[in-house]
Amino acid sequence: MYSLVATAQQKATIIGYVKDAETGEPLVFANVLIQGTNKGTTTDENGFYELKNIAPGEYKVEVRMTGYKKQIRGLTIKDEKFVQLNFGLVTEIIELEEVTVEASKTIDELQTVKINSTDIMKLAPTTTADILKEIPGISTSRAGSWGTKPYIQGMTDSRVLVFIDGVKTNQACPMGMDACTATIEPDMVENIEVQRGPGSALYGSGNMGGVINISSLSSKYSTSQLFKTKINFAGKYESVSNSRSGTISFSGGNKRFDFLGGFSGGLHDDYNTSRGVIENSGFKSGTAQLKARYRPASDQELFLTTQIYRAKDIGWPAANTIIPTEKRDTYALNYSVYNVTSELQTIKAHISYSPMFHNMINYLPDNSQYVGDSRTNSINANVDGYWSLGNRNNLTTGLFFSYWKMNASSSIIEAGNEIASLDIIPNSSISEADMFIQDEFKVSRYFKLTGGIRANYIYSKAEDNTLSDLSQIELQSDEFVLTGSVGLQYNLTQSIYLFASVNKGFKAPTPVERYISAPMVDGFYRFGNPLLTSESNISKRIGLKGMKNRFNWSFELYHNSLSDLISAEVNPGLESPIPGLRGVKQFVNITEGIIAGGSLAVGYYITQTLSLNASISYDWGENTELDEPLPGIAPFQSNVKLAYNNINDGYWVEIAGRFTADQNRYAERYGEIYTPGYAVFDIKGGWKVTKDTELSAGIKNLFDRYYRDHLNKALIPEPGRNLYVRISFGIPVSGFRSNEIDFKNTKQVELAIEGMACRFCVQTITERLNNLLGVVSVNVSLKDKTAWVIIREGEVSLDDLLRTVDRAGFKASFVSIEPVKEK
């Protein structure tokens, strides 16, 4: 009988309105969803929403909208046919907040674009750098399927800082074949944060064109005593190169400990174009990693990361070269202490070691072989402090040290015998020791200033090698460089804000630029220059961001004044040691240069589920010393995307176009040539079958366009039409208790809470307190304005409870404490 009654229960419909809490105006296209399900919708032009076919039970309904604080309300459905639940959202002043990233640094949010795991899944990238193409102002260069490099505001390689899980990553190949973003599988990436332009005083050498923070897959702490584990799988196939790639990870955790172990790899054959196969463009690669976090106390955390990357048989078609082996190992340990004093909020310490190995074989026209090996060892360490000095000042201070050692050798092989050998790069190193301070001052609710200064000390040295011209040159040097930044943000309205900044970044000459002697992938032989000096960039930027009804937009202009810019210039007076190459280039300092440009991105919601997004970007570079174009400058570019996203049924479809103009301004002195424009279209879609299972497929380069990117130094075409399919799913494995909950040595603390106004406030306080080690259970009453917290003696203090509630934005005061009876 009970079974029949349950079957007969009707399903309900949740209806309601979402409005601005202050003005009462309806909010259009607010996202309304039921937590823990795939049920969701958006509001119409009257702010009305409707969620159908909801079974009896207890639910939490969440409403989100850009420019407003999210709101969560709970409800219980019994046998009602309709349940009305209205929301009044409070506006959220958009501020220049500091977002903590894996690199133990803070990034300017207005200058940063973040790509999350959902966006990465939709892109289905072959390499990690391919993910960055979606960002206005960022271009890529490939010399095969592997090793795609990002360009930010006309800069790449050592002018762009790359962090992988908080570890500063250098290149191992002296010829620049191994982009830092190439040494991690794209399916192993959880999110990427990209800062366009020089960062603040928080970054040292290499802070010229931008900062890329790559965070790999990781687990999450559970707020309960349950130790939960899960296995995730993902697989993908791409037709253009017969690519087969897959990822498997095993993760778990509870309040005190969590971990993730995983492997991601792929087999990629030579890729196709509309005019045939690009021979020698395939590769094999894989990344294995283990992450583990442990909290010895509520205010302390240890975080260990181990990552191993391997690639084999990497083809380099333009130079008739292969890379038999590419290796990167990373071992990092982070230690964080929170709530040190009332002023010193957090201390973070980091140390890492990352050895890399690269070798290559270049097949020469006379049937001989040019063989090269290179090794890099990097050590990084830093200690950062995050201070809160009153209600208006947030201060960041830090010490940083890095040591980068590199050496490379080569030989020429004929008929299996070595006939010549030389050092590509002698044993050389660069040491960097810095200290910095940066302050954020809130002048008012609408106006904020930031400023910082950094002192950088650089020491370089090298041993003499087989290059005859180095014996007469000083191979040791040191340099002191002062950098800094100043910025402001002003809220014109609650949803439109203006920002501007001036930053000085610099880059010390690398061992490659100082000492190299080797053939390069662009077909030129390259000589280093030990007399190079550090280059600098004074960057000015101004922009406007905002939203209004169905529109959102972002507009930015920048101007980089470059001094002593290091670049490889064709030198007709030098002779290549290897015959048959295009010529010789040598690194030189350009006295002055300018890179300027801008970007505009606009989004428009056509309907509740249909949106249109478009962006344009333009970069312009000039060698002002010679009145000639600088190399590495992308032409005018535009991206357009029409997206349909059905939250209720869990499927999405996107049609995207990428348009690039002719590049008539090219740097002939640096070996560049004219590049015609092109238009490429993609179509893709996906379906979220269950909470943990998703299918997606698409066609890239839909019309099989034959084209070449201007930044492609190897002068080879991009891949042709590419059909791909991808599947991902997760399997919960266990949820056993790591230790039985008992009430021995426990006490119940009663706290009076001020400032609670809704169920969302209750949820926030409950989650924050539950996350503390030593907290057994939390019960918060909105009606009584009270929280009852059961704690274990010696594991958490009363001050911890009060401070946690205060940091959640509420006021707590002590009422009582008493032992808990086991009954």
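**Group meeting: a walk through the model**

Let me start with lysine 442, which is partly exposed because its relative accessible area comes out at 26%. Before I go on: what you're looking at is a predicted model. Back to lysine 442, then, which belongs to strand 29. Asparagine 503 comes 61 residues away from lysine 442 along the chain, and their C-alpha atoms are separated by 19 Å.

Staying on strand 29, have a look at glutamate 432. Is that glutamate 432 buried or exposed? It counts as buried, because its relative accessibility is 3% and the cut-off for buried is under 20%. So what does the side chain of glutamate 432 reach? It gets to the backbone nitrogen of serine 205, at 3.0 Å. If you leave out neighbours within four places in sequence, the contacts of glutamate 432 include Lys168, Gly204 and Ser205, and also Phe400, Phe401 and Ser402. Asn456, Tyr457 and Ile458 are on that list too.

Okay, confidence. The mean pLDDT for the protein is 84, with 92% of the residues at 70 or more. Which elements sit at the two ends of the range? Strand 43, residues 693-700, has the highest mean pLDDT, at 95, and strand 9, residues 98-100, has the lowest, at 29. The pLDDT is below 50 over residues 93-108, yet the model gives that stretch 68 contacts beyond near neighbours in sequence. There's another stretch at residues 466-472, again with pLDDT below 50, and there the model has 13 contacts beyond near neighbours in sequence. When pLDDT is low, you shouldn't read the predicted coordinates in detail.

Now to the core. The largest nonpolar core has 43 residues, and the members that touch the most others are Trp146, Met175, Trp316, Tyr370, Ile424, Ile425 and Ile516. Elements giving two or more residues to this core include strand 24, strand 28 and strand 29, along with helix 3. Strand 34, strand 36 and strand 37 do so as well.

Let's zoom in on strand 34, residues 524-527. Which residues cover its two faces? Phe524 and Arg526 are on one side, Tyr525 and Phe527 are on the other, and all of them are buried. On the pairing front, strand 34 runs antiparallel to strand 33, residues 517-519, and three bridges join the two. One to click on: alanine 518 has arginine 526 as its bridge partner in strand 34. With strand 37, residues 583-605, strand 34 pairs in the parallel sense, over four bridges. There, phenylalanine 527 has glutamine 586 of strand 37 opposite.

Over to helix 4, residues 759-770. How does its span compare with what it should be? At 1.5 Å a residue, its 12 residues should cover 16 Å, and the end C-alpha atoms are 16 Å apart, so that agrees. For anyone counting, the sum takes 1.5 Å times one less than the number of residues. The buried residues of helix 4 run from Cys761, Val762, Gln763, Thr764, Ile765 and Thr766 to Leu769 and Asn770. Among the elements covering them are strand 5, strand 6, strand 45, strand 46, strand 47 and helix 5.

Next, leucine 51, in strand 4, residues 48-54. Leucine 51 is buried because its relative accessible area is 2%. Not counting residues up to four places away, leucine 51 touches Ala12, Thr13, Ile14, Val32, Ile34, Gly40, Thr41 and Asn648.

Two loop residues with unusual backbone angles to finish the tour, plus a glutamine. Aspartate 157 isn't a glycine, but its phi is positive, near 50°. You'll find aspartate 157 in the loop between strand 13 and strand 14, and with a relative accessible area of 27% it is partly exposed. Asparagine 701, not a glycine either, has a positive phi of about 50°. Asparagine 701 sits in the loop between strand 43 and strand 44, and is buried at 4% relative accessible area.

The glutamine is glutamine 171, in the loop between strand 15 and strand 16. At 13% relative accessibility, glutamine 171 counts as buried. Its contacts, leaving aside neighbours within four places, include Asp157, Cys180, Thr376, Trp404 and Met406. And histidine 358, 187 residues away in sequence, is 9.3 Å from glutamine 171, C-alpha to C-alpha.

Key: Residues numbered from 1 in each chain as written. Predicted model: local features only at pLDDT ≥ 70, side-chain atom pairs only at ≥ 80, totals over all residues. Heavy atoms only, no water. pLDDT = per-residue confidence, 0-100. Contact = heavy atoms within 4.5 Å. Buried < 20%, exposed > 50% of the residue type's maximum accessible area, 1.4 Å probe, protein only. Pairing = 2+ DSSP bridges. Core = buried A, V, L, I, M, F, W, Y, C linked by side-chain atoms within 4.5 Å. Polar contact = N/O pair within 3.5 Å; in protein donor to acceptor, adjacent residues only side chain to side chain.
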